[in-house]
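Work through the exercises below with the structure in view. Each task is followed by a solution in steps.

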Amino acid sequence: MNPYFTGGFTLTVLGFLTALIVYSNRAGRNSARVSSERKDANDATQSAEAAQRMLDVRTNGIRSDNALIDTLDKGTF
């Protein structure tokens with residue numbers, strides 16, 4: 001075989017393998033970022049739901065009329 005053909009074929013194969021490695025690396029990073037963002041969104045949703053439940057309990061909690069009037073009079077509600 002011609003040495004130019006062999007060298008060209010070798011460079012083509014090396015270029016293809018390099019491109020494949022780069023593509024795989026980027027795909028892995030993107031996948032990790034997506035799963036991380038999904039976890040962060042889930043954590044934020046849980047925190048928001050917990051805060052809403054706390055607010056609901058504070059707003060609609062069982063209290064006597066006197067306790068509610070005192071709270072409203074103090075302005076700390």
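**Exercise 1.** Decide whether Thr12 is buried, partly exposed or exposed, and place Thr12 in the fold.

Solution. Step 1: the model is predicted, and the values here are computed from it. Step 2: the relative accessible area of Thr12 is 54%. Step 3: the cut-off for exposed is over 50%, so Thr12 is exposed. Step 4: Thr12 is part of helix H1. Step 5: Leu68 follows 56 residues apart in sequence from Thr12, and the two C-alpha atoms are 79 Å apart in space.

**Exercise 2.** Classify Val13, Asp43 and Gly61 by their relative accessibility.

Solution. Step 1: partly exposed covers the range between under 20%, which is buried, and over 50%, which is exposed. Step 2: Val13 has 34% relative accessibility and therefore counts as partly exposed. Step 3: Asp43, with a relative accessible area of 35%, is partly exposed. Step 4: Gly61 has 26%, so Gly61 is partly exposed. Step 5: as for location, Val13 lies in helix H1, which runs over residues 3-60. Asp43 also has its place in helix H1, while Gly61 sits in the loop between H1 and H2.

**Exercise 3.** Find the aromatic pairs in the whole structure and describe their geometry.

Solution. Step 1: the search of the whole structure gives 1 aromatic pair. Step 2: the pair is formed by Phe5 and Phe9, with ring centres 6.5 Å apart. Step 3: the ring planes stand at 20°, and planes under 30 degrees apart count as stacked, so the Phe5 and Phe9 pair is stacked. Step 4: both residues belong to helix H1, 4 residues apart, which is about one turn of the helix. Step 5: Phe5 and Phe9 are both exposed.

**Exercise 4.** Which residues make the nonpolar surface patch, and what does UniProt record at residues 6-23?

Solution. Step 1: the patch has an area of about 1000 Å². Step 2: its members are Met1, Phe5, Phe9, Leu11, Val13, Leu14, Phe16, Leu17 and Leu20. Step 3: an unreviewed UniProt entry places the feature "transmembrane region" at residues 6-23. Step 4: in the model, residues 6-23 are 100% helix and 0% strand. Step 5: the C-alpha atoms at the two ends of residues 6-23 are 26 Å apart.

**Exercise 5.** Compare the overall dimensions of the protein with those of a compact globule of 77 residues.

Solution. Step 1: a compact globule of 77 residues would have a radius of gyration near 11 Å. Step 2: the protein has 31 Å instead. Step 3: the C-alpha trace spans about 100 × 20 × 5 Å along its principal axes. Step 4: two residue pairs give distances inside this trace. Asp43 and Tyr4, 39 residues apart in sequence, have C-alpha atoms 58 Å apart. Gly61 and Asn25, 36 residues apart along the chain, are separated by 53 Å between their C-alpha atoms.

**Exercise 6.** How many helices and strands are there, and what share of the residues counts as buried?

Solution. Step 1: the secondary structure comes to 2 helices and 0 strands. Step 2: of the 77 residues, 0% count as buried. Step 3: helix H2, residues 65-74, is hardly covered, with 0 buried residues among its 10. Step 4: Gly75 follows H2 and has a positive phi, near 75°. Step 5: the accessible surface of the protein is about 7000 Å², and 61% of that surface belongs to carbon and sulfur atoms.

How values were computed:
Residues numbered from 1 in each chain as written. Predicted model: local features only at pLDDT ≥ 70, side-chain atom pairs only at ≥ 80, totals over all residues. Heavy atoms only, no water. Patch = residues over 30% accessible without salt bridge, like charges linked within 9 Å, V, L, I, M, F, W, Y side chains within 5 Å. Areas by Shrake-Rupley, 256 points an atom, 1.4 Å probe, with all protein chains shown as cover. Salt bridge = Lys/Arg side-chain N within 4 Å of Asp/Glu carboxyl O. Buried < 20%, exposed > 50% of the residue type's maximum accessible area, 1.4 Å probe, protein only. UniProt positions renumbered as here; feature names shortened; annotations may be inferred. Phe/Tyr/Trp six-rings, centres within 6.5 Å; stacked < 30°, edge-to-face > 60°. Rg over C-alpha atoms; globule rule 2.2 N^0.38 Å.
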